Amino acid sequence: MRITHRQLEAYVQFMETGTVTAAAERMRLSQPAMSKILAGLEIDLALTLFERKRKRLVPTDEAHLLYKEVRRLFGSLADVERFASDLRHFRTGELRIVSAASIGHTLVADALVDFAKANPSVAVSLDVSSVVGTDVLGQNVDVGFSVSQFHHPDLVTYPLLHASAVCVMTADHPLASRDVIVPRDLEGAEFISFSRNSRMRHLTDAVFEQQRVPRKMRAEVFSSVEANALVSRGLGIAIVEPMGVHQGFWPGLVARRFEPAIEFTFNVVLSRRRRVSAVTNAFLAELRRRTEALARGEDPRAAPSLAIRLPRRRGRDDGDLGAVAADEEGEPGDAVEDDHG
């Protein structure tokens, strides 16, 4: 028969009090019940732990040696309990994030800094990647953030927020004086576009084709980060996601609302094969609070052109009338699709 934790606890209480009566009182047992537990421990271990002298139990040398080992084991169990408590209260643990650059350098970074300050014992890491789906699939991270909506049986993808695209240009550009830019304003303009295989390229091109407005394709880029870098150097104009410019990362740029609206959707990406940790859920809650505050206009850094729309909770977002939703139209993405935007 296997020995039990209760037997060992009774044994420790006896060794520390010196009498069966005192040990029984500590464990709120009767004296006969305590004697029975100790006798059963001797039988199960096949060791002589006690000598019976004048109706008293006297520990043998083996009993004293065993007591030291049991105390060591109980100390290890206490360490396990303390570690579990630390995990429950975020006094230890880790949070690994992978993100597209546009949201990783902005909203995710802001939320991560606040979370790390509030939970200094949690180890955090943030990686900016163009293959967020692959990283989450490999279970190398706890959560990912992407502008692609992945359709893979091992991934869970849901929208965090929708942000309307903006038209960016240098501050001295002739169009910088306007509050809203429409396709006709960009007729013949030198235009910096996303690469041909990206969903945002298809959506943007469709708007100009529908209104029969020609542009001069000056350069192709992978993401909004490269587009902003080229525009800030005077190469042309671009239509990009708004998160990078609204925080003033590009002081030489101005952003103007573009109509008709083209929406970027920033998604949360999780692995279906692993349970979401308490640390990850706590970070996502902090990120939602920041997102909601941004949508309410409570971020003083937000540019006037920033238009944020929150998705309906736990449901598919159908999009506002007249807006083109980048994650809900066109061909479904897969887990290894490059993360544009």
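How many bridges join strand β6 to β13? Keep that in mind while you load the model, which is predicted.

**Stop 1: strand β13.** Select residues 262-271, the span of β13. This strand is mostly covered, with 10 of its 10 residues buried. Now colour the two faces separately. One side carries I262, F264, F266, V268 and L270. The other carries E263, T265, N267, V269 and S271. Both faces are covered, and every residue named on either side is buried. Here buried stands for under 20% relative accessible area.

**Stop 2: strand β6.** Add residues 155-164, which form β6. Nine bridges join β6 to β13, and the two strands run antiparallel. To see the register, pick S164. Opposite S164 stands E263 of β13. That E263 is one of the buried residues from the first stop.

**Stop 3: strand β5.** Next, select residues 143-146 for β5. This strand is also antiparallel to β13, joined to it by three bridges. Pick G144 and look across: V269 in β13 stands opposite. V269 lies on the side of β13 that also holds N267 and S271.

**Stop 4: the second largest pocket.** Leave β13 and move to this pocket, whose volume is about 240 Å³. Its lining has 12 residues, and A255, R256, A303, P304 and S305 are the closest to the pocket centre. Select those five for a view of the middle. Then show β12, residues 253-258. Which strand gives the most to the lining? It is β12, with five residues. Finally, colour the lining by residue class: seven are nonpolar, two polar and three charged.

Notes: Residues are numbered from 1 along each chain as its sequence is written. This is a predicted model: local features need pLDDT of at least 70, side-chain atom pairs count only at pLDDT 80 or more; totals for chains, interfaces and linings use all residues. Side-chain values use heavy atoms; hydrogens and water are left out. Buried means under 20% relative accessible area, exposed over 50%, partly exposed in between (1.4 Å probe, protein chains only). Helices (H or I, at least four residues) and strands (E, at least two) are DSSP runs, numbered from the N terminus. Two strands pair if DSSP finds at least two bridges between them. On a 1 Å grid over the protein atoms alone, a cavity is a set of points where a 1.4 Å probe fits but cannot get out, and a pocket is an open set with protein on both sides within 12 Å along at least five of seven lines; lining residues have an atom within 4 Å of a point. Grid points are joined across faces, edges and corners, and a volume is the space filled by probe spheres set on the points. Ala, Val, Leu, Ile, Met, Phe, Trp, Tyr, Cys and Pro count as nonpolar, Asp, Glu, Lys and Arg as charged, and the others, Gly among them, as polar.
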